[in-house]
Amino acid sequence: MHPLLTGRLRMSLYLIFFVGIGLLLAGLLVLLEPRPFSAALLFVGPLTLVYASICLSAWYVCRAHPPATTPALQLLGSLAGAALQSSAVWVGLGALWAVLLARAAHVGPDRAGILRDLAVLFAAGIALYAQSIVVHYFVLAFESARAAERRVLETQVTAREAELRALRAQLNPHFLFNSLNSISALTAPDPEAARRMCGLLGDFLRTSLALGGRARVALGEELALAERYLSIEQVRFGARLGFEKQVEPAAERCLVPPLLIQPLIENAVKHGVADRVEGGVVRIEARRKGGSLEVAVENPFDPAAPPRRGAGLGLDNVRQRLEALDPRATRVD
């Protein structure tokens, strides 16, 4: 569809432009041969509006002859032929309209005057069609640039979604490794606790899979999943592991990527509480600050504890997922 036909505003501006052209042509005809302005406008006004529709054909001519792939001589010949043909059609319609006005309303100049008016129409028609060609080529270039930009954005979005899926896929083995490690630690000293932990782990995995399949989840759901994980770990650590939560109601309704808080909770337990004889408390705070959501996960740690191998996967995963979403609006400290 022609771009001018896709919006009322565009079409209205286009018609207003040609109404102005009609007024200018009527004034020019009055200067060439004195006559009432109303008579000149009656002749050229309707013809100008008709030619406005004829000039729309330049859109299809320009699309059929892109400058980048059309030889120069062929391009000039096609455009000049289209302009001459359109102007000739306009002059033919003008001749019929002049005869009709002369016979029906006795309006208009003599035969010599009519020929002069038609010559003016022919020259103006070529100029207007050439101008229409230039405008349509600019419109085509603009649309081509927008289409290229849209393709680039679609490619970036596709790549980002693939990266997010790959990063999310890392969470399952990372979490299972930590959980199975905890179950293994309980198998010998407390088999009953190990079995209870397996049951809790099964419930947790069902919930995490349901959340992980969604693009966004409410922070309240994410924190509820974190509490389930901590209840699993409390089977192992008992009173050594505590949990405190301070979350604003407005923050609970904020949407976040699924399983984003979970790796932070795992790190807080594995690299913080687990290394302390007396254990510790994992604290989660969340609040709205302006248009942003701030989430803090705190845990005590033993500075003298030896570093664990492989530490940092969870934090790296969270950081990369947030950077893939929007590196300018997200931050991990």
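Q: Which residues have the most contacts inside the largest nonpolar core?
A: Happily, this one can be followed residue by residue in the predicted model. The largest nonpolar core holds 38 residues. Those with the most contacts inside this core are F43, Y51, W90, L121 and Y129.

Q: Which helix gives the most to this core?
A: Several helices take part: helix 1 (8-32), helix 2 (37-55), helix 3 (58-64), helix 4 (72-104) and helix 5 (111-187) each supply at least two residues. With ten residues, the one that gives the most is helix 5.

Q: Which residues does F43 touch, not counting residues up to four places away in sequence?
A: Let's take F43, one of the residues with the most contacts inside the largest core. Leaving out residues up to four places away in sequence, F43 touches L29, G94, W97, A98, L101, D117, L118 and L121.

Q: How many residues are in the second, separate core?
A: Look for L225, L230, F237 and V269, which are included in this second core. The core is separate from the one described above, and its residue count is 31.

Q: Is H65 buried or exposed?
A: You will find H65 in the loop between helix 3 and helix 4. Beyond its neighbours within four places in sequence, H65 is in contact with T70, Q74, L75, S78 and Y137. Its relative accessibility is 17%, and the cut-off for buried is under 20%, so H65 counts as buried.

Q: Which residues of helix 1 are buried?
A: Helix 1 has 25 residues and reaches 36 Å from its first C-alpha to its last. In an α-helix, residues three or four places apart point the same way. The buried residues of helix 1 are Y14, F18, I21, G22, L25, A26 and L29.

Notes
Residues numbered from 1 in each chain as written. Predicted model: local features only at pLDDT ≥ 70, side-chain atom pairs only at ≥ 80, totals over all residues. Heavy atoms only, no water. Core = buried A, V, L, I, M, F, W, Y, C linked by side-chain atoms within 4.5 Å. Buried < 20%, exposed > 50% of the residue type's maximum accessible area, 1.4 Å probe, protein only. Helix = DSSP H or I, 4+ residues; strand = E, 2+ residues; numbered from the N terminus. Contact = heavy atoms within 4.5 Å. Expected span 1.5 Å × (residues − 1).
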